[in-house]
Structures are given as C-alpha cells and as structure tokens.
Amino acid sequence: LDEILLDEFNRLKIKFEQATWDDKKNKLGKSVKRPLQMADFADLHLFHWGYEFDEVLNKKGGFDAIITNPPWEVFQTDEKEFFQQYVPEIQKKKLRIEDWKKQRATLIRDPEIKKNWLSYSSFFTFQLAYFKKTEQYVHQISVIEGKAVGNKLNLCNLFIEQSFNLLRTGGQCGIVVPSGIYTDLGTKGLRTLLFNKNQITGLFGFENRKKIFEGVDSRFKFVVLTFEKGGKTAKFPAAFMRHEVNELANFPQNDAMWLNVDLIFKVSPDSLSISEFKNEMDLIIASKLLKYPNLASELGWTLELYGEELNMTRSSQYFVTQPTDFPVYEGGMIWHFDHKYAEPRYWVNEKDIRKTFTEKRAKRITNLQKIPTDLRNDYEVYRLAIRKIASNTNERTLITTIIPPYTFAGNSLTVNFPFYHNINKYNNLRLIIQELLVLSSLLNSFVVDYVLRSRMTTNLSLFYLYQLPVPRLTKKDSAFTPIVTRAAKLICTTPEFDDLAKEVGLKSHKNGITNPEQRAKLRAELDGMIAHLYGLTCDEFKHILKTFPLVKEEVKQATLEAYNDFEQ
C-alpha cells in the first residue's frame with residue numbers, strides 16, 4: 001500500500017525537496033529536489049483507511065457518522081516552535097524581529113541543531129504538494145476571480161474534506177473548527193462542497209470569552225458544524241457569537257437563524273462567505289444594502305489598493321530609530337480620521353530607497369517607455385491608509401485615515417495611490433482629494449464597519465474591502481460637500497496637511513478641529529448623514545449601533561441624535 005501511494009506521488013510529479021542552508025544570507029537556501037523514496041514515508045505513520053476499514057468503506061460505502069475535533073494548525077514550518085526544544089524560554093518571550101534573528105543565528109551555528117532544522121523543514125514540502133494536487137483534497141484551494149487563494153493549508157480544513165470522503169451518502173458529520181470555515185477566502189472551496197454536495201444541518205458559532213477551550217484567546221471564534229452527505233443545502237440553521245456550551249442543547253429548535261443560501265450567493269457572490277446574521281433585522285439590512293455597488297466594481301469607486309509599501313521584515317535594513325523627515329507608518333499609528341494616534345517606531349533615509357520606489361511606480365504605469373523626471377512616488381502624496389490587522393470583536397474593525405506626503409507605509413497598512421503621474425500637473429487634483437475625504441468617511445462609518453464585521457474574523461484582506469457595498473458619490477450629490485468639509489476638519493490638524501486643507505477651502509491646518517468634544521460631534525454628524533445615504537430607518541440604524549458593544553453608549557447616543565437631526 002505504501003508503494004501504491006509512492007506511485008501516486010510520482011504520478012503527480014511530486015519530488016522530495018531537501019532543505020539547505022545559505023551561510024552568507026543566514027537563512028534557508030534553495031532546496032535540492034530528488035525523487036521520493038519509501039524511506040521518506042518512514043516518519044509519516046501512514047494510515048490506509050481502505051485497508052483498516054475495508055468493510056465500512058468498501059461494503060457499506062462509508063461511515064454512518066463522524067465526530068471530530070481536529071487540530072487547528074496551519075501545515076507549515078514554525079521556527080519558534082522548533083527551537084523551543086533547545087531554548088524553552090522562547091515561548092515565554094515576545095521577541096522583536098531583530099532579536100529573534102540574532103538568537104536564531106546563534107542557535108543555527110550548532111551543527112546538530114542545523115541538521116535537525118533542515119530535516120524538519122524538508123518534512124513539509126512534499127506533503128503540502130500532495131494535499132494541493134491530489135483529487136482527494138480538491139476543495140482545499142479556492143479560486144476567486146481566476147486566482148488561487150488560501151495557499152496555507154490548515155489541518156482542520158483537510159479533516160472537513162476527508163470526513164466528506166469517508167461518509168456514506170446520508171452519513172452525518174459533527175466537527176469543531178475555527179470560524180474561518182464560513183468567512184475566509186481560502187475556504188470557499190469547502191463552502192462550495194458543503195452547499196452543493198451536502199445538507200448543512202447546523203452552524204453554531206462560539207466566541208471563547210468564557211474559556212470553553214483553555215489556552216485559546218478569549219476573542220477566538222470557532223464553530224460546531226454538522227452536515228449530512230448528499231443533496232444540496234437550500235437553507236440551514238445558524239447561531240453566532242455564543243458563549244455558553246449548554247446553548248447547544250436547544251439548537252436548532254430554539255433561537256436559530258435560518259439562512260437562505262440564495263441570499264449568501266447574492267451578498268458574497270465571489271467568496272460565498274457567510275455573514276454573521278443574528279436576527280431578522282440583519283437579514284432585512286443585508287437585503288437593503290444589495291442595491292449599492294461593491295467598492296471596487298465598475299459602478300463603485302474603482303479603487304486601486306496596494307497591500308504594502310514597505311514590508312517590515314524584508315525592508316528592515318532601511319529602518320533607523322533616530323527620527324528623520326520620513327517616518328514609517330504602521331497600523332497602530334492611525335485611528336479614524338487621525339494620523340497621529342501613536343508615535344512612529346521607525347524612520348528611513350529617503351535617499352536609500354527612492355530609486356527602488358521610482359522603478360516600482362513606473363512599472364505600474366502602462367505603456368510607459370521612459371521614466372519621466374517629474375514622476376511622483378507613492379510616499380510623496382496624500383493617500384488613504386487602512387489598518388490590516390483587525391478583528392470583528394474589537395471596538396471597531398474598519399479603521400482608516402489619510403496619511404501625509406513624505407511618509408512610508410508598513411505592511412500592516414493597506415494604502416492607495418490615486419495619481420499615475422506628476423501630482424502637480426494632474427488636472428483634477430482637487431476632486432481626487434475631495435473623493436479621498438469622502439471615501440475615508442464612508443469607510444469609517446458605523447454602517448460600513450457593521451457590514452465588514454459580519455463577514456470577517458481577523459486580518460482585513462483586500463478582497464473583503466473590495467466586496468463592501470459603498471455608494472459612489474460625486475460632486476452632484478447633496479451630501480458630497482458636507483462630508484468633505486467635516487472630514488477635512490477632522491484630518492487636517494497638523495502642518496503636513498496644509499496643502500490638502502487649501503485644496504478643499506480650509507486654508508490651513510489651523511482651521512482643523514482638535515478639541516475632542518467638537519471632533520466627536522463631527523464624527524457623529526458624518527455617521528448620521530451616511531446612515532441616511534444608505535436609506536436606513538431609525539430602527540435599522542439603532543440595530544447597527546447595538547452591534548458595537550465596546551463603543552461607549554454616549555457615542556452611540558450622539559450618533560443617533562445626529563441621524564434624527566438630519567431627518568428633520
């Protein structure tokens with residue numbers, strides 16, 4: 001049987017990749033490929049289901065029931081986990097990237113440790129290739145807009161598909177897995193499998209606030225998923241953000257939301273992500289928002305966002321800890337309409353990096369034969385910045401502002417660059433800046449944040465952003481200028497924003513608002529106006545505000561009062 005499996009690996013053209021070490025770069029080097037051998041399977045402890053359960057699988061067609069709580073681990077090397085066997089205190093310390101690199105370099109000098117590390121690293125690649133190529137796990141890789149997503153395979157996702165493989169038609173599975181099964185892009189293939197070849201009988205979501213699983217973060221979310229093999233799912237019972245295990249006893253008879261798969265396909269046509277609808281009001285609001293275009297659609301803002309300007313690891317050689325004129329912005333440095341929420345940790349010497357950025361900018365301009373002398377780089381202009389490290393259990397999830405020119409953005413921020421050429425010669429610069437202010441206001445609103453929180457768990461990807469329903473406002477819309485004026489007063493609070501302030505008629509940053517009470521009033525007015533833009537009733541907007549339990553009640557009350565003022 002092992003030989004048959006080896007033949008399958010060979011048929012799939014999977015090689016063994018022996019890890020090597022690059023002493024000059026002090027990191028893993030290029031792996032050496034060779035044909036797989038039987039000896040490579042020795043440490044895998046292979047389990048042949050068809051042999052061990054011959055009667056169940058081959059005579060009865062599969063198991064009647066499978067109940068499992070699989071490992072919740074990404075199948076990949078883990079440096080710190082490996083080196084803990086030599087230095088146990090690594091687990092207890094939160095090391096900076098720089099400190100960890102030094103400690104790893106010291107450890108790897110030991111020939112025995114290096115040998116074991118290379119053996120450990122070689123253990124994953126051929127197995128990972130098998131999981132991606134074999135027909136047995138065809139639903140592990142998801143394709144969205146023609147591109148494969150979800151390259152990091154989680155063992156629990158392999159268990160879901162293997163459970164389907166091992167069940168007979170009509171057999172049932174109960175499995176405990178992280179909430180990513182219903183939200184993440186990489187699990188779209190599994191959702192397709194569940195919707196089209198199974199009948200989902202329950203999706204019960206927990207938040208670990210009461211330590212159902214010890215040693216797991218209290219904000220972590222997981223689900224008890226049950227399904228029956230065969231047929232299709234038209235609708236299914238669901239519950240989200242529950243804290244008590246005993247609530248399962250009455251599910252789905254009591255207190256279950258029945259979700260229609262057709263609505264899921266309309267709300268998330270590309271990813272099939274399941275929003276965390278908790279009651280009928282959520283369903284009503286979701287249906288109402290369907291009429292607004294997605295952020296990046298042709299009818300939307302056609303926004304072009306970039307995942308990063310500087311990678312905090314790969315670009316670390318450019319970082320200095322003594323202030324220069326070019327700070328590096330990280331996610332924790334911004335808040336809604338606030339670019340000074342925290343001080344920078346790093347700066348760069350611009351001359352060291354300018355050429356690299358100019359070449360990168362030129363590549364993004366189509367049909368450009370020669371780099372113009374007046375080409376402006378990403379870091380030389382105002383641009384929208386969005387926090388990437390986010391959670392739908394935090395006070396707020398979607399956090400954006402505009403960051404000033406002559407700053408760099410780290411990879412914990414998503415930024416946009418709206419200008420293809422010389423910003424000073426752009427014939428509609430004022431309009432572009434005004435649109436950035438409007439877009440930042442819409443993204444910072446409770447309404448858009450509410451939509452995002454129902455669709456994601458942690459880490460805000462571009463795909464989730466692009467799928468948000470965001471009205472496309474123009475100067476002709478009555479709300480456009482009032483939003484621009486308020487947003488400018490919130491954002492233009494330091495000299496770096498004088499140019500932006502002039503473009504929108506604010507004259508200078510001195511006319512920006514820094515008083516906390518006045519800023520809170522402006523933000524409440526923006527939220528009230530935007531709720532009306534979406535056509536929400538007072539009860540619907542009240543419901544949205546209630547879904548932010550960590551936001552102060554006085555903030556929500558002021559926002560609701562502003563909504564009522566604009567209704568009059």
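Q: Is Phe195 buried or exposed?
A: This is a predicted model, with residues numbered from 1 along each chain as its sequence is written; local features need pLDDT of at least 70, side-chain atom pairs count only at pLDDT 80 or more, and totals for chains, interfaces and linings use all residues. Side-chain values use heavy atoms, with hydrogens and water left out. Buried means under 20% relative accessible area, exposed means over 50%, and partly exposed is in between (1.4 Å probe, protein chains only). Phe195 has a relative accessible area of 1%, so it is buried.

Q: How many aromatic pairs does the structure hold?
A: Let's settle what counts. Rings of Phe, Tyr and Trp (its six-membered ring) pair if their centres lie within 6.5 Å; planes under 30 degrees apart are stacked, over 60 edge-to-face, and the rest tilted. By that rule, the number of aromatic pairs is 43.

Q: What kind of aromatic pair do Trp49 and Phe63 form?
A: A pair of aromatic rings is described by the distance of the centres and the angle of the planes. For Trp49 and Phe63, the centres are 6.3 Å apart and the planes meet at 90°. That makes the pair edge-to-face.

Q: How many residues apart are Trp49 and Phe63?
A: Helices (H or I, at least four residues) and strands (E, at least two) are DSSP runs, numbered from the N terminus. Trp49 belongs to helix α2 (residues 49-52) and Phe63 to strand β5 (residues 63-68). The pair links distant parts of the chain, and the separation in residues is 14.

Q: Which accessibility class does Trp49 fall into?
A: Its partner Phe63 has 16% relative accessibility, so Phe63 counts as buried. Trp49 comes out at 32%, so its class is partly exposed.

Q: What kind of pair do Phe195 and Phe265 make?
A: Look at the geometry of the two rings. The centres of Phe195 and Phe265 are 6.0 Å apart and their planes sit at 50°, so the pair is tilted.

Q: How far apart in sequence are the parts that Phe195 and Phe265 tie together?
A: Phe195 lies in helix α9 (residues 188-197), while Phe265 lies in helix α10 (residues 261-267). So the pair ties together parts whose distance in sequence is 70 residues.

Q: How far from the centre of the Trp301 ring is the charged end of Arg472?
A: A charge sits over a ring if NZ of Lys or CZ of Arg is within 6 Å of the ring centre and within 35 degrees of the ring normal. Lys235 does this with Trp258, at 5.8 Å. Arg472 sits over Trp301, with a distance to the ring centre of 4.2 Å.

Q: Which are the edge strands of the open sheet of 6 strands?
A: Two strands pair if DSSP finds at least two bridges between them. The sheet has mixed pairing and the order β5-β8-β10-β9-β11-β12. Pairing on one side only are β5 and β12.

Q: In which sense do β9 and β10 pair?
A: Strands of a sheet pair through backbone hydrogen bonds, either parallel or antiparallel. Strand β9 (residues 198-207) pairs with strand β11 (residues 235-242) over 3 bridges, and that pairing is parallel. With β10, there are 9 bridges, and the sense is antiparallel.

Q: Which residue in β10 is the bridge partner of Ile200?
A: On the β11 side, Leu203 has Ala238 as its bridge partner, and Phe206 stands opposite Arg242. In β10, the partner of Ile200 is Phe227.

Q: How many of the 10 residues of β9 are buried?
A: Strand β9 is one of the strands that helix α7 (residues 155-166) lies across. It is mostly covered, and the count of buried residues is 8.

Q: How many salt bridges does the structure hold?
A: A salt bridge here is a side-chain nitrogen of Lys or Arg within 4 Å of a carboxyl oxygen of Asp or Glu. Among them are Arg209 with Glu207, at 3.0 Å, and Arg354 with Glu380, at 3.5 Å. The full number is 22.

Q: How far apart are the closest N and O atoms of Lys114 and Asp23?
A: Lys114 is partly exposed at 23% relative accessibility, while Asp23 is exposed at 57%. The two form a salt bridge, and their closest N and O atoms are separated by 3.3 Å.

Methods. Contact = heavy atoms within 4.5 Å. Axes fitted to C-alpha atoms, helices over the stretch in contact; angles between N-to-C directions.
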